[in-house]
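Where does the ligand sit, and what surrounds it? This report looks at the ligand site and at the pockets of the protein.

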Amino acid sequence: MSSISILGLGAMGTALARTLLKNGHTVTVWNRTRSRAEPLAGAGAKIAESPAEAIAASELTILCLVDYPAARAVLEQAQEALAGRDLLNLTNGTPGDARELGTWLAAREAIYLDGGIMAIPPMIGGAGALILYSGSRALFDRHSLALEALAESRHLGEDEGLASLYDIALLSGMYGLFSGFLHASALVTSAGGKAVDFLPLLLPWIEAMSGTLPDLAGKIDSGMHGRDVVSNIAMQKIALENIVRASEEQGVAPDFMRPMLRLAGDRVDSGGHGDDISAVVEVIRKRK
Ligand code: NAP
């Protein structure tokens, strides 16, 4: 069992601390507002009086704060304690935020692993929770027992930005699903339907369309967007125009759908009529 310090006891930091305690680890906690640490003392955690004291107390320190400026502010208070320490940052941010913090910590001789939590606090320590990691593989291997107690763990590579990049990519997939669901619900309810009654139609349709993703992914990776196309983008552009017109007729703002129509239209206008919808990736990559 390891000794682990947690800096940041919001909803997520508290769930991490409780799970580690439950699994028999020695846990030290610190939070800017001390009163949030006190319930954990009752569960067996030691309370540190400062971030530096917490970092010095354990083999591994986990940061779980609201954002990167907060994480940096906390670490700046503990600069003298950082050299040679293992630090895992589970604060949500961008790949650039993670790489910048990695550089800052390397200059202070700390060992850094970044992580992206794909779970909500009640899922921590249970089935279905996943944490993506990137950065020091050695740190990841050293603390694998503790990390496995929190969630299924996946190390993506030494580039500190990868966990955040994949976290953001997964969230992008989720918001794509939510935006489609919200628009579809607005359409159905505009004619008096109920979103709840629509789900038995929508869910199998989404599942069937998910089956096309391996083919689209292959086209994205190979760049061969015109291979074995059964639903060409010129046809899909007309479908998207119909979605926009139907939405306007029904008094539903087509705000979710217009960007997709514009992107498909750009590919058609540049000569990609026969391509699959996968070719939209080439349009958005160009706008990087
Ligand atoms: P939270 O409940 O709002 O807690 C925020 C934490 O940040 C508190 O400990 C707060 O301390 C601390 N904090 C804020 N500003 C600070 C500052 N300037 N200096 C020091 N401490 C500061 O948030 P959370 O849900 O625990 O989320 C923490 C991280 O986990 C976020 O990056 C979030 O994106 C990520 N995450 C959360 C979830 C979720 O569902 N909750 C899921 C996945 C990932 P005080 O108590 O003193 O205010």
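The text below takes the ligand first and the pockets after it.

**The ligand and its shell**

The model is predicted. The ligand is surrounded by 21 residues. M12, N31, T33, R36 and N92 are the closest of them. By class, the shell around the ligand holds 12 nonpolar, seven polar and two charged residues. Two helices, α1 (11-22) and α4 (68-76), each give at least two residues to this shell. The largest share, three residues, comes from α1.

**Polar contacts**

Oxygen atoms of the ligand pair with polar atoms of L9, M12 and N31. The table gives the distances.

| Residue | Protein atom | Ligand atom | Distance |
|---|---|---|---|
| L9 | polar backbone atom | oxygen | 3.2 Å |
| M12 | backbone N or O | oxygen | 2.9 Å |
| N31 | side-chain N or O | oxygen | 2.7 Å |

Taken alone, the ligand exposes 900 Å². The protein buries 74% of that area.

**The pocket that holds the ligand**

Which pocket does the ligand sit in? The ligand occupies the second largest pocket. The volume of the second largest pocket is about 330 Å³. Its lining counts 18 residues, and G8, N31, R32, L65 and V66 are the closest to its centre. N31 thus appears twice: among the residues closest to the ligand and among those closest to the centre of the second largest pocket. The lining of this pocket divides into 10 nonpolar, six polar and two charged residues. Helices α1 and α4 each supply at least two residues of that lining. These two helices also each give at least two residues to the shell around the ligand.

**The largest pocket**

The largest pocket has a volume of about 2300 Å³. Its lining includes residues from several helices: α8 (162-190), α9 (195-210), α10 (213-222), α11 (233-249), α12 (258-269) and α13 (280-286) each give two or more. Which element gives the most to this lining? That is α8, with 14 residues. In total, 47 residues line the largest pocket. Nearest its centre lie M209, L213, L216, M260 and I277. The lining of the largest pocket comprises 31 nonpolar, 11 polar and five charged residues.

**In brief**

The ligand sits in the second largest pocket, with α1 and α4 each supplying at least two residues of the lining. In the largest pocket, α8 gives the most to the lining.

Terms used. Residues numbered from 1 in each chain as written. Predicted model: local features only at pLDDT ≥ 70, side-chain atom pairs only at ≥ 80, totals over all residues. Heavy atoms only, no water. Near = heavy atom within 4 Å. Polar contact = N/O pair within 3.5 Å; in protein donor to acceptor, adjacent residues only side chain to side chain. Areas by Shrake-Rupley, 256 points an atom, 1.4 Å probe, with all protein chains shown as cover. 1 Å grid on protein atoms, 1.4 Å probe; cavity = no way out; pocket = protein on both sides within 12 Å on 5 of 7 lines; lining within 4 Å. Sits in = over half its atoms within 2 Å of the grid points. Helix = DSSP H or I, 4+ residues; strand = E, 2+ residues; numbered from the N terminus. Nonpolar A, V, L, I, M, F, W, Y, C, P; charged D, E, K, R; others polar. Points joined across faces, edges and corners; volume = space filled by probe spheres on them.
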